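This report covers selected strand pairings, a helix packing and a chain contact. The structure comes first, and the description follows.

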Amino acid sequence: MLNFTFRRLMFAVPTLLVISFIIFALLDLAPNDPTGNLPLTIPPDVREQIRENLGLGQPFHIRYMKWLEQFFINEPLNVVEQLFGFEFAGSEDRLRIRSWATRSPVVDLIVERMPQTLWVVGMSYVVGILIALPIGIISAYKQYSIFDQIGSFVSMVGFSVPTFFTGVVLIVIFSVQLQWLPSIYDTTHEVTDLSSFWVQVKQMIMPVMVLAFFNAAQLSRFVRASMLDNLNMDYVRTARAKGMSETIVLLIHVLRNSMIPVITVIALGIPQIFSGAIITEQIFRVNGLGQLLIIGIQGADIPLVQTLTFIFAVLIILFNLIADVLYGILDPRIRYD
Amino acid sequence: MKIRTLLLASAAAFAMTSAASAERGSDGHLNIIYWQAASILNPYLSGGTKDIESSSMVLEPLAYYDENGNMVPALASEIPTVENGGVSADLTSITWKLKEGVVWSDGSPLTANDVVFSANYCMDPAGGCNALSNFTDVSNVEAVDNLTVKITFGVPKPFPYGPFVGTTAPIIQAAQFKDCMGAKAPECTDQNFNPIGTGPFKVVEFKANDVVTYEANPMYRDPAKPAFATATFKGGGDAASAARSVLETGEFDYAWNLQVEPEVLAQMAAAGKGKVVTSFGTSVERLMVNLTNPDPALGDERATAKHPHPFLSDPAVRRALSLAIDRQILVDAGYGAAGQVTCNVLPAPAIYASTNNDWCKTQDVDAANKLLDDAGWARGSDGIRAKDGVRLSILYQTSTNSVRQGTQALIKQMWSAIGVETELRNIDAAVFFGGDQSSPDTFQKFFADIEMYTNNFDGTDPEKYMANWICAEAPTPANQWLGNNMPRYCNEEYDKLSAEMGKTAALDDRAALAMKMNDMLMDFGAMIPLIHRGDVSAHSVTLEGVRMNSWDSELWNIEDWSRAN
């Protein structure tokens with residue numbers, strides 16, 4: 001297993017290099033201009049100077065190599081410095097990847113955004129799983145019952161109705177009509193006591209539920225299918241024949257085996273948490289990583305978009321690997337070596 | 001770690017409340033929402049309105065423009081003019097006197113050196129300063145004494161109020177930014193995110209592309225202002241939900257730039273929690289008429305003056321296209337209170353507005369048809385007019401934006417009534433308005449017959465704006481397509497008027513010249529103006545003192561804002 005993990009990690013390096021090149025080249029070739037969104041009152045020669053100042057005058061391969069150096073050497077060194085509190089030589093002159101819009105280091109922006117994305121999107125993932133599991137299990141156990149039919153219908157709706165619709169519907173009901181919940185997420189809010197915690201809960205409910213609904217819809221179908229596969233297996237009949245109670249058969253024998261594919265699906269979905277739920281973050285102004293990406297794309301903030309998309313690529317590859325390894329651990333029949 | 005930050009935060013909150021005096025900060029918290037989030041609080045490094053206006057709460061220029069476009073002193077004690085001796089008789093220098101006793105929010109005094117530094121900071125060629133055009137022709141900025149600054153121009157400047165008038169070019173603190181000159185400018189993240197200012201508020205925390213938190217500046221020169229102790233400048237989302245947060249849920253006090261369908265906005269305003277406010281500056285949504293041939297077969301000479309346009313070079317066609325448009329319908333459908341019909345490319349300030357082109361205000365399809373008939377454009381079997389094998393078929397491009405696409409569709413319909421065929425195209429704004437040399441879709445290259453967008457000018461003086469349509473401004477491959485004369489209009493007489501305006505100081509004469517130039521362009525039909533666009537914002541009914549301003553930052557008088565009781 002260790003050997004396999006190691007081989008996969010080695011293989012990830014060229015993959016990531018290729019991905020980084022493709023991302024860089026694609027964004028570079030896109031007919032986009034960071035000065036495009038500035039007011040027209042700024043004359044063309046000033047725009048040209050701004051572009052020069054952003055480093056756009058340099059040829060493609062030099063900018064790419066610079067970016068590689070900044071991403072793989074300079075930024076990790078900065079992280080190490082910050083973590084351990086000592087300085088390498090020349091840390092003053094070390095070039096960092098800077099956003100064109102904010103002129104600040106991209107990595108700092110990402111670190112600043114991480115908490116709200118992890119809290120809101122991560123929480124929605126957890127809530128989604130908690131909703132999906134019981135629904136999936138009961139739907140499978142009582143296949144074609146009324147509960148199953150309703151569950152199928154609801155998950156179909158949850159899967160096919162986009163979050164920009166459910167989000168706005170919730171806002172209209174709970175913020176505009178009932179005035180119970182805030183429609184705009186306050187990223188500066190700090191939890192210090194019970195009442196401020198309650199404020200935090202109130203502002204998280206809508207974005208979390210919108211996303212959880214969507215996640216649960218997907219996942220519950222998966223749990224149901226996986227449970228159904230196992231319910232007809234011989235070992236289930238054996239367990240029942242041994243006189244075990246239905247609860248034990250269902251929750252110990254069947255569920256455990258059904259969870260093997262489900263867990264890999266859950267692991268594969270984790271990178272999505274980091275990439276943020278772009279639309280939901282935008283609707284509720286959670287202003288996490290997804291919203292950062294959207295602003296970067298709209299403003300042609302190419303270093304920001306390159307870095308963010310590349311980090312997502314790294315996470316996807318990493319969690320693919322984790323899912324594969326988990327699969328091997330959970331199911332001893334599977335061996336990679 | 002977590003507990004420490006929490007403790008610090010609560011300690012800071014305590015310190016803040018105890019520091020606030022009786023009058024100042026008596027109205028609590030102000031919530032502002034801009035659906036474009038602030039990226040940086042140094043306006044010299046960003047031309048975005050969101051960045052300029054969020055920093056305008058902190059940084060101040062020497063003078064503002066008020067809601068009527070008049071200059072009012074901010075850090076200056078008065079507006080220099082030729083009459084009061086502040087502007088030299090030969091128009092080559094202007095001398096500003098600073099108000100006495102102004103201090104920065106860190107307690108140090110504001111001096112003329114800060115003003116000199118700000119000018120040098122922006123004029124550093126390696127800095128990529130966005131407000132550089134405010135400093136055109138400035139040859140020297142010097143401190144005469146501690147409170148006097150003299151700005152010298154290389155040429156006579158009839159309107160010497162470019163530098164430090166309006167929030168695009170405020171005064172920054174020399175002590176704070178001294179290590180941030182030129183190429184170093186973008187690396188000064190701390191300074192760019194938390195500039196020390198003289199304005200009514202100071203930055204407490206800035207989360208880039210998200211939210212700015214301010215508190216009242218304890219050193220602000222008027223001890224009774226601002227009325228709000230703290231303020232938040234939240235960003236992100238879209239215009240409709242920003243409008244909702246003020247007009248329907250009342251979570252926010254002020255929302256900026258609500259480009260929302262008029263009926264949607266009216267419905268939200270009916271909830272009674274907020275008011276929609278508009279003001280009109282100089283923005284005009286116009287059709288640019290390509291007077292050159294954009295045919296791809298022409299290769300490098302495409303859309304250059306060498307090849308006149310096959311049919312738009314006919315004045316009758318240009319006039320007919322304008323006559324066929326019902327501008328009121330366009331206003332009602334896409335702009336509502338935020339738009340007015342206009343027939344001028346220079347609609348404001350009032351002294352510059354011409355009334356000679358008002359024929360365009362009423363749609364006249366019959367007259368348009370007659371013009372085309374007389375000019376020999378006959379309808380073919382498909383209803384489209386043609387002459388000598390040239391069909392009146394127009395490629396009409398604009399940026400991607402739902403209101404613009406609505407306008408496009410309406411105009412297409414109106415033109416089909418006079419036998420003109422229209423093909424519509426929309427291009428992403430960052431591409432269309434971007435200057436990417438490799439893209440064929442920029443508004444400068446103008447590889448289409450008609451294009452639509454809005455343009456305006458900063459401040460109240462139209463000299464530079466009207467100079468956009470001189471011959472030399474035409475974008476060509478030779479000047480890397482950098483130019484503002486999209487129609488490629490070229491008229492010696494117009495160039496002469498433009499040069500004359502550069503030498504004329506008296507306001508009435510300048511107005512007469514600008515009006516004449518506007519009428520020339522309109523008569524010729526180089527542009528077809530459609531809508532005089534206003535700015536739309538909304539504020540809560542509990543917020544008082546908002547004076548909606550199109551000539552400067554909308555937050556220009558935020559020190560006077562207060563909570564109604």
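In this predicted model, strands 13, 14 and 15 of chain B form an open sheet in the order 13-14-15, and their pairing is antiparallel. Strand 13 (378–379) and strand 15 (390–391) of chain B are the edge strands; each has a single partner strand, so one side of each has no neighbour in the sheet. Strand 13 of chain B is joined to strand 14 (residues 385–387) of chain B by two bridges. Across this pairing, Ala378(B) is opposite Ala386(B) of strand 14 of chain B.

Another part of chain B centres on strand 11 (residues 274–289), which is joined to strand 19 (residues 527–540) of chain B by 12 bridges. Strand 11 of chain B also has six bridges to strand 18 (residues 450–455) of chain B. Both pairings run antiparallel. Toward strand 19 of chain B, Ser279(B) faces Asp535(B). Toward strand 18 of chain B, Val284(B) has Asn455(B) as its bridge partner.

The strand pairings of chain B are listed here.

| Strand pair (chain B) | Bridges | Direction |
|---|---|---|
| Strand 11 and strand 19 | 12 bridges | antiparallel |
| Strand 11 and strand 18 | six bridges | antiparallel |
| Strand 13 and strand 14 | two bridges | antiparallel |

Chain A offers a helix packing. Two packed helices are described by the angle between their axes and the distance between the axes. For helix 4 and helix 5 (residues 146–160) of chain A, the angle is about 135 degrees and the axes are 8 Å apart. Helix 4 and helix 5 of chain A are therefore oblique to each other. The crossing of helix 4 of chain A with helix 5 of chain A is left-handed. Helix 4 of chain A contributes Ile135(A), Ile138(A) and Ser139(A) to the contact, and helix 5 of chain A contributes Phe147(A), Asp148(A) and Gly151(A). By class, the residues of this contact are three nonpolar, two polar and one charged.

How many residues does each chain give to the contact between chain A and chain B? Chain A gives 47 residues and chain B gives 52 residues. On the side of chain A, the elements that give two or more residues are helix 2 (44–53), helix 4 (106–141), helix 6 (163–177), helix 10 (278–284) and helix 11 (289–298). Helix 2 of chain A supplies the largest share of that side, nine residues. The side of chain A that touches chain B holds 19 nonpolar, 18 polar and 10 charged residues.

Methods: Residues are numbered from 1 along each chain as its sequence is written. Chains are lettered from A and ligands numbered from 1 in the order in which they are written. This is a predicted model: local features need pLDDT of at least 70, side-chain atom pairs count only at pLDDT 80 or more; totals for chains, interfaces and linings use all residues. Two residues are in contact if their C-beta atoms, placed from the backbone, lie within 7 Å. Helices (H or I, at least four residues) and strands (E, at least two) are DSSP runs, numbered from the N terminus. Ala, Val, Leu, Ile, Met, Phe, Trp, Tyr, Cys and Pro count as nonpolar, Asp, Glu, Lys and Arg as charged, and the others, Gly among them, as polar. Two strands pair if DSSP finds at least two bridges between them. Axes are lines fitted to C-alpha atoms, for helices over the stretch in contact, and angles run from 0 to 180 degrees between N-to-C directions. Angles under 35 degrees count as roughly parallel, over 145 as roughly antiparallel, 65 to 115 as roughly perpendicular and the rest as oblique. A crossing is left-handed if the near helix is turned anticlockwise from the far one by less than a right angle, and right-handed if clockwise.
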